[in-house]
Amino acid sequence: MKLFFVSDLHGSLPATELVLEKYNASGANYLVILGDVLNHGPRNPVPPGYQPAAVAQLLNNYSDEILAVRGNCDSEVDQMLLNFPMLETYSWILLENGTRIFLTHGHIYNSDNRPSLKAGDVLAYGHTHIPVAEQNGDQFIYNPGSITFPKGGYVASYGVFENGTFKVLSFSDEVLKQVNI
């Protein structure tokens, strides 16, 4: 199974179009969205091409391929535009080998405040807009960064999981971070 990860679109139509272009080319089975889908939030500037309704329309074309969790900028009003659920603050993916991936946005659970995880589990979150792919103790921490508002000196990024490897990639396909689980 191949998973495509993105976080913190914040209603940017050009960013969403680029994400979907990369997703379509990737051959991934699912698009995993780690929150902050439509709203830019009060701490962020209005992103280029801010068109939340158009972003919702585009994403709805992939509703049967999307696994999404709620970010701190997502609301019930946003859900009214989306044909896929995204109001839960966390979810799980269970891989065939028994590895669990805990999906969350990062404003509640994150690398500093982890949920109960077993050895070998993966914590996947967004929120910080900073890419991470690392082993931390006997668990793994993963953050695909952000395409709309990258921080920490990083470029816009997304993530892919395939064949036991989590990667964070720039949109020029440079591997920014990588960890094998």
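**View A. Leu-94 and its partner across strands 4 and 5.** In this predicted model, Leu-94 stands opposite Arg-100 in strand 5. Strand 4 and strand 5 (residues 100–104) pair in the antiparallel sense, over 5 bridges. Two strands count as paired if DSSP finds at least two bridges between them. Strands are DSSP runs of E with at least two residues, and helices are runs of H or I with at least four; both are numbered from the N terminus. In a regular strand, side chains alternate between the two faces of the sheet.

**View B. The open sheet.** Here 5 strands line up in the order 4-5-6-8-7, with mixed pairing. Strand 4 (90–94) and strand 7 (132–136) are the edge strands, and each pairs on one side only. From one strand to the next, the twist averages 20°. Axes are lines fitted to C-alpha atoms, and angles run from 0 to 180 degrees between N-to-C directions.

**View C. Strands 1 and 2.** Strand 1 (residues 3–6) and strand 2 (residues 30–33) run parallel, joined by 4 bridges. Leu-3 stands opposite Tyr-30 in strand 2. Between these strands the chain passes through helix 1 (residues 13–26), in a right-handed β-α-β crossover. Right-handed means that, with the strands pointing away from the viewer, the path from the first strand over the helix to the second runs clockwise.

**View D. Strands 2 and 3.** Strand 2 also runs parallel to strand 3 (residues 66–68), with 3 bridges. Leu-31 stands opposite Ile-66 in strand 3. Helix 2 (residues 52–60) lies on the path from strand 2 to strand 3, and this β-α-β crossover is right-handed.

**Notes.** Residues are numbered from 1 along each chain as its sequence is written. Local features need pLDDT of at least 70.

Notes
Predicted model: local features only at pLDDT ≥ 70, side-chain atom pairs only at ≥ 80, totals over all residues. Heavy atoms only, no water.
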